[in-house]
Amino acid sequence: MDVLYRSQTLQRVRIAVAQLNLLIGDIDGAAKAISSAAVEAKAGGADLLVCPELCAFGGYPPRDLLERPALVERQWRMAQDIARSLPLPSLIGCVEPLEPGIDPPLANAVIAANRGRIVATYHKRLLPAYDVFDERRYFRPGNHSRVVELAGMSVGLTICEDIWNEIGARYRQDPVAELVGRCDLLVNVSASPYHAGKPLVRQRLVAAVASRVRAPVVYCNQVGGHDELLFDGGSCVVSPGDRWHLAAPRWKAGVFIADLGATVAAPAEVDAMADLHDALVCGIRDYCRKTGQKKVVLGLSGGIDSAVVAALACDALGPENVVGLLMPGPYSSRGSVTDAQALAKGLGIATHVLSITRGFETLLGELDPVFAGTAQGLAEENLQSRLRGTLVMAVANKVGAMALTTGNKSEIAVGYCTIYGDMNGGLAPIGDCYKCQVWDLARHINRAALAAGGAERIPESSIVKPPSAELRENQTDQDSLPPYEVLDRILERYIERGESVEAIVAAGEDRATVARIARLVEVSEFKRRQAAPALRVTAKAFGVGRRMPIARGI
């Protein structure tokens with residue numbers, strides 16, 4: 001009878017999931033967002049509100065802001081204050097200060113608030129320290145499970161990684177196993193960063209956990225860009241048997257309510273290019289909004305990379321907030337200007353033509369005491385790139401804008417980029433996109449524009465022309481690099497899969513080409529250390545996701 005009673009009770013339960021897009025360290029802003037979500041949840045007839053991991057601190061990951069005790073204490077006081085004012089039972093992710101000990105004196109926690117007080121707290125037990133995560137640096141792991149009575153239910157509490165031992169067990173503890181048979185509902189407050197393929201993995205994970213605990217699972221994920229990390233939301237409520245009660249939209253903040261007595265369709269299969277577009281637009285928009293930037297400026301070469309970055313920036317900020325600089329030089333083709341002008345017209349952005357030819361000649365004259373009698377080469381090529389970088393930064397300073405870099409992951413991987421030149425800028429929107437992905441993204445942007453009844457936004461000539469830096473006569477990228485489809489294939493295996501040269505050769509690639517590419521990746525680490533943050537969209541991104549020493553033996 002008790003089982004039947006519980007089942008009937010659950011069918012009447014409505015659960016509000018708040019996908020919050022916050023600013024890390026903005027405690028006041030977090031308090032307002034949580035309070036607003038609670039009011040909306042109550043008005044929507046919800047019995048329980050669930051908010052994301054560390055939302056009281058303004059989101060994840062706070063990194064070394066956690067080493068500011070006054071900020072942590074202020075956040076903890078806010079969490080306690082807000083718990084007293086929430087109009088319905090709620091679960092709030094926060095940082096809880098602990099007594100000093102051997103481990104860090106902080107817990108990644110979730111508080112259960114009900115009827116004006118905190119009725120329970122739970123500390124995250126599985127602290128990831130791989131890829132982009134470094135939680136053991138800041139937090140002390142919890143050591144026990146927690147089930148709390150809320151809204152007439154026994155609710156098992158978990159935080160993000162606590163349920164990920166379900167896939168490729170990394171830990172000796174298994175928090176989910178300890179909740180089997182103990183709860184009517186399992187809640188997971190999360191901040192799970194995005195990369196291609198991750199949404200489907202999460203969906204399968206939540207469904208598997210629901211079947212294992214034989215109870216509905218409420219999964220609440222944060223949304224938005226936090227520096228180079230992107231969070232896509234995708235919160236959901238799933239019951240055993242792959243029955244979905246909520247599939248919250250991705251890349252969208254809001255309060256979404258699940259009715260456990262009703263089912264909805266499972267999420268549709270993700271379109272890879274549409275998803276990549278949405279991810280990058282979200283990243284640009286939030287990076288600018290959260291750093292106080294309203295306008296961006298970038299160089300337009302007539303090539304595919306700058307064209308795609310410009311289109312993404314327009315989608316994120318509006319064309320009125322994007323400025324393009326056409327900077328022809330002594331080796332620029334006519335198409336570099338005409339294609340850039342066609343792009344700008346199609347996007348509706350302002351442009352300026354700033355030639356580098358006279359400046360290049362002037363600098364060569366000044367350098368003549370050193371350069372005289374030597375053949376033109378890398379120094380002269382880099383000088384042109386650095387002149388362009390100087391102009392981009394000068395215009396950015398003058399108009400109060402942020403410079404965007406336009407390099408892709410393929411180029412950044414092998415060092416086919418110039419420090420203080422084309423690497424100048426505050427954000428690298430496509431710095432984690434391989435060159436072939438950039439072409440695919442351009443075609444997607446054009447298809448979407450045509451489907452909406454408009455015209456192609458990126459000129460076909462920019463898509464089909466042979467890539468070139470145009471820093472010497474008749475130059476193409478393939479003078480220095482293998483075809484991009486070959487390069488990208490090798491880089492994906494070497495960087496993301498971590499395969500050795502021997503393994504890549506065994507898969508059918510040319511040994512000399514693989515060895516050369518691997519060497520270029522290794523010797524270019526010093527450049528990447530000085531690069532603008534790149535929006536992470538692959539499983540192994542440069543920067544926060546791949547931390548290599550510059551001086552090393554391999």
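**View 1. Contacts of V414 in the predicted model.** In this predicted model, V414 touches seven residues named here: L481, L487, L491, I517, L520, V521 and S524. Residues up to four places away in sequence are not counted. V414 also belongs to the largest nonpolar core and ranks among the residues with the most contacts inside it.

**View 2. The largest nonpolar core.** This core has 67 residues. Those with the most contacts inside it are L280, V308, V414, I458 and L491. L491 is also one of the residues that V414 touches. Which helix gives the most to this core? Helix α6 does, with 11 residues. In soluble globular proteins, nonpolar side chains tend to be buried together.

**View 3. A second core.** Separate from the core above is another, of 46 residues. Among its members are A37, L49, L66 and F231.

**View 4. The parallel sheet of 4 strands.** The strand order is β17-β16-β15-β18. The sheet is open, and its pairing is parallel. β17 (350–353) and β18 (402–403) stand at the edges. Each has a single partner strand, so one side of each is left without a neighbour in the sheet. Strand β15 (residues 296–299) pairs with β18 over 2 bridges, in the parallel sense. Where does V297 find its bridge partner in β18? The partner is A403.

**View 5. Helices on the parallel sheet.** Helix α10 (residues 378–399) packs on this sheet and touches β15, β16 and β18. Its direction makes about 165° with that of β15. Helix α6 (residues 304–317) lies across β15 and β16 (322–326). α6 runs at about 170° to β15.

**View 6. The mixed sheet of 6 strands.** This open sheet has the order β6-β7-β8-β9-β12-β13. Its pairing is mixed. The edge strands are β6 (147–150) and β13 (243–247). Each has a single partner strand, so one side of each lacks a neighbour in the sheet. From one strand to the next, the twist averages 25°.

**View 7. The β6 edge of the mixed sheet.** β6 and strand β7 (residues 153–159) run antiparallel, joined by 4 bridges. One residue pair to find is V147 with G156, its bridge partner in β7.

**View 8. Helix α4 on the mixed sheet.** Helix α4 (residues 198–213) packs on the sheet. Which strands does α4 touch? They are β8 (185–190), β9 (217–221), β12 (236–239) and β13. The direction of α4 makes about 150° with that of β9.

Definitions and conventions. Residues are numbered from 1 along each chain as its sequence is written. This is a predicted model: local features need pLDDT of at least 70, side-chain atom pairs count only at pLDDT 80 or more; totals for chains, interfaces and linings use all residues. Side-chain values use heavy atoms; hydrogens and water are left out. Two strands pair if DSSP finds at least two bridges between them. Axes are lines fitted to C-alpha atoms, for helices over the stretch in contact, and angles run from 0 to 180 degrees between N-to-C directions. Contact means heavy atoms within 4.5 Å. A nonpolar core is a set of buried Ala, Val, Leu, Ile, Met, Phe, Trp, Tyr and Cys residues joined through side-chain atoms within 4.5 Å. Buried means under 20% relative accessible area, exposed over 50%, partly exposed in between (1.4 Å probe, protein chains only).
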